Amino acid sequence: GATGYIGGRLVPRLLQKGYSVRCLARNPKILEGKNWEGVEVVQGDVLQAESLSAALEGVEAAYYLIHSMRKGEIGFEDRDRLAAKNFAEAAKKANLQQIIYLGGLGHEEDHLSAHLKSRHEVGEILRSTGVPVTEFRAAIIVGSGSISFEMIRYLSERLPVMICPQWVNSLCQPIAIRDVLQYLLEAVEEPKAKHKILEIGGADILSYRKMMLGYAEVRGLKRYVLDVPVLSPRLSGYWVDLITPIPASMARPLIEGLKNDVICKSPLAREIFPTIQPIGYQEGVRLALNRIQQGETETIWSGSTASLGTDRTTHHYLENKEGMTIEVRQVDIHASPEKIFTVISSIGGNQGWYYANWAWRLRGLLDRIMGGIGMRRSRRHPQDLRVGDAVDFWRVEAVEHHHLLRLRAEMKLPGKAWLQFEVNPEKGNSKISQFTQTAFFEPMGLLGHLYWIVLYPIHTLIFSGLCRSIKKRAESHHELAGGPGGPADMGSASSG
């Protein structure tokens, strides 16, 4: 779970305490940018039992922070069940001394939701082979980037009046991310924690209504919560999907779990870890907001590969960070960074946009009708770009030759938008470059959010086509070395 929200914060703290750390990841490339010095990364997948032996060899204790709620061929319950079974058996063979697992609060007599039942079942499966397990159970984790906290944050920020079902009156004992991490860190050094289920929570027990209003109070917002007798989890999930960055497929199981009171009934965690004094809800909110405002969010729920609709190895993913929607497309191109950048820097103007050029022209026409600048069919130079240059209805904001080009939108929008192209040479292979195309959109209010949702299918088609066309042109340019039809011939300096 090192690529996930909790694991991504736990690893650097383990390193600070002097531990030798090994991370298991389906795609090790995701961890390359973390700059965790001394961390060993092993490729593997808990859904593939044969890949776990090498990862667990020589390990004394393992943190199990894996939870999948994305769509797939099987449901998340079956996927989590299989993953836990594979890991438990591999841990037994490797003679692990301890598994530390973070699950969910809730009590069986309360008719738990499928999501909470699955969390408890995973703990049972991990214990089934006899390896000592420390299972922490937590409710909502309050921290910058936490999925539950982000849901509360977006609903409270965007809706002056919130219409909610009866679950807003259920009780919860939220806990700050700093306290969760402290429990996880100390568990590996506390023998009394082995073979224990430990319920952990913050200093306050609140209804979800009070949590949303408490968030609004910290932010200085006036908000009202109205509960209605009939609003199914499915409808609630679609509503959360519309208002927040959290997709309905993930929101629905979370919302189903909100019908249950999730509070600590056992004092065991406090007894075993008396030095940990969890903070209250509003203090946790203030700390989270400070992190967000200072741009110091360490990890975010959507950064986990399990949170995405598809695996990141598909090179296309969406994420939402601090209110900005980010859509990334990444592909390997058999050409040098110089050749690829020639194609990128020739975009727009008389050259056009390589794919669905009619759609770009139509967007320019609509912008002109709305009083905007429209599609300017001119460029200072057919290939060379400098900061401040105009490219149709974009403005060049940043240029690093043979590496990066970022354009800022100047058309009329209910928000701010950027389009960025980045090229990096593939490590160990001079013939292949990694090309990343990123669309950024920062919506202004609900109108901006609706704008993104309505146009997303069209943007997906156009931006996917643009990425493919850049790859095709760059590779053609590479093979033909600037021959007829290549980008150098179509947009050469001499033709200007």
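**A. Glu-135, buried at 0% relative accessibility, in a salt bridge with Arg-127.** The view is taken from a predicted model. The side chains of Arg-127 and Glu-135 approach to 2.5 Å, nitrogen to oxygen. The two partners differ in their exposure: Glu-135 counts as buried, since its relative accessibility of 0% is under 20%, whereas Arg-127 is partly exposed, with a relative accessible area of 27%. This pair belongs to a set of 16 salt bridges found in a search of the whole structure.

**B. The salt bridge between Lys-471 and Glu-475 in helix 14.** The closest nitrogen and oxygen atoms of Lys-471 and Glu-475 are 2.9 Å apart. Both residues lie in helix 14 (residues 445–480), and because they are four residues apart there, about one helical turn separates them. Lys-471 is partly exposed, with a relative accessible area of 24%, while Glu-475 is buried, with a value of 17%. Elsewhere, Arg-395, Glu-397, Arg-406, Arg-408 and Glu-410 are joined into one network by salt bridges that share partners. Another salt bridge links Asp-384 with Arg-386, where the closest N and O atoms are 3.6 Å apart; Asp-384 is partly exposed, with a relative accessible area of 25%.

**C. The open four-stranded sheet with strand order 3-4-5-10.** The strands of this sheet pair in parallel. Strand 3 (61–64) and strand 10 (196–199) form the edges; each has a single partner strand, so one side of each is left without a neighbour in the sheet. On average, and with direction ignored, neighbouring strands are turned by 20° against each other. Strand 3 and strand 4 (residues 98–104) are paired in the parallel sense over four bridges, and Tyr-64 stands opposite Tyr-101 in strand 4. Helix 3 (residues 76–93) packs on the sheet and touches both strand 3 and strand 4. The direction of helix 3 makes about 180° with that of strand 3.

**D. The largest nonpolar core, with 38 residues.** Trp-353, Trp-360, Trp-394, Phe-421, Phe-435 and Leu-466 are the residues that touch the most other members of this core. Among the elements that give two or more residues to the core are strand 14 (324–333), helix 12 (337–344), helix 13 (357–369) and strand 18 (415–425). Helix 14 supplies the largest share, eight residues. Leaving aside neighbours within four places in sequence, Leu-466 is in contact with Ile-347, Trp-353, Tyr-354, Tyr-355, Trp-360, Leu-419, Phe-421 and Gln-437. A second, separate core has 34 residues, including Leu-10, Val-39, Phe-136 and Leu-198. In soluble globular proteins, nonpolar side chains tend to be buried together.

**E. The surroundings of Met-211 in helix 7.** Helix 7 spans residues 208–219. Met-211 counts as buried, at 0% relative accessibility. Apart from neighbours within four places in sequence, the contacts of Met-211 are with Ile-140, Ile-152, Cys-172, Pro-174, Leu-206 and Tyr-281. A distance of 9.8 Å separates the C-alpha atoms of Met-211 and Phe-149, two residues that are 62 residues apart along the chain.

**F. Ser-51 in the loop between strand 2 and helix 2.** The loop lies between strand 2 (40–43) and helix 2 (52–56). A polar atom of the Ser-51 side chain lies 2.9 Å from the backbone nitrogen of Asp-45. Asp-45 also appears among the residues in contact with Ser-51 beyond four places in sequence, together with Gln-43 and Gly-44. With a relative accessibility of 16%, Ser-51 counts as buried.

**G. Positive phi values at His-195 and Tyr-354.** His-195 is not a glycine, yet its phi is positive, at about 60°. This residue is placed in the loop between helix 6 (177–187) and strand 10, and it counts as exposed, at 57% relative accessibility. Tyr-354, likewise a residue other than glycine, has a positive phi near 70°. The loop that holds Tyr-354 runs between helix 12 and helix 13. Unlike the exposed His-195, Tyr-354 counts as buried, at 12% relative accessibility. Tyr-354 is also one of the residues in contact with Leu-466.

Notes:
Residues are numbered from 1 along each chain as its sequence is written. This is a predicted model: local features need pLDDT of at least 70, side-chain atom pairs count only at pLDDT 80 or more; totals for chains, interfaces and linings use all residues. Side-chain values use heavy atoms; hydrogens and water are left out. Buried means under 20% relative accessible area, exposed over 50%, partly exposed in between (1.4 Å probe, protein chains only). Contact means heavy atoms within 4.5 Å. A salt bridge is a side-chain nitrogen of Lys or Arg within 4 Å of a carboxyl oxygen of Asp or Glu. Two strands pair if DSSP finds at least two bridges between them. Axes are lines fitted to C-alpha atoms, for helices over the stretch in contact, and angles run from 0 to 180 degrees between N-to-C directions. A polar contact is a pair of N or O atoms within 3.5 Å; within protein, one must be able to donate a hydrogen and the other to accept it, and residues adjacent in sequence count only if both atoms are side-chain atoms. A nonpolar core is a set of buried Ala, Val, Leu, Ile, Met, Phe, Trp, Tyr and Cys residues joined through side-chain atoms within 4.5 Å.
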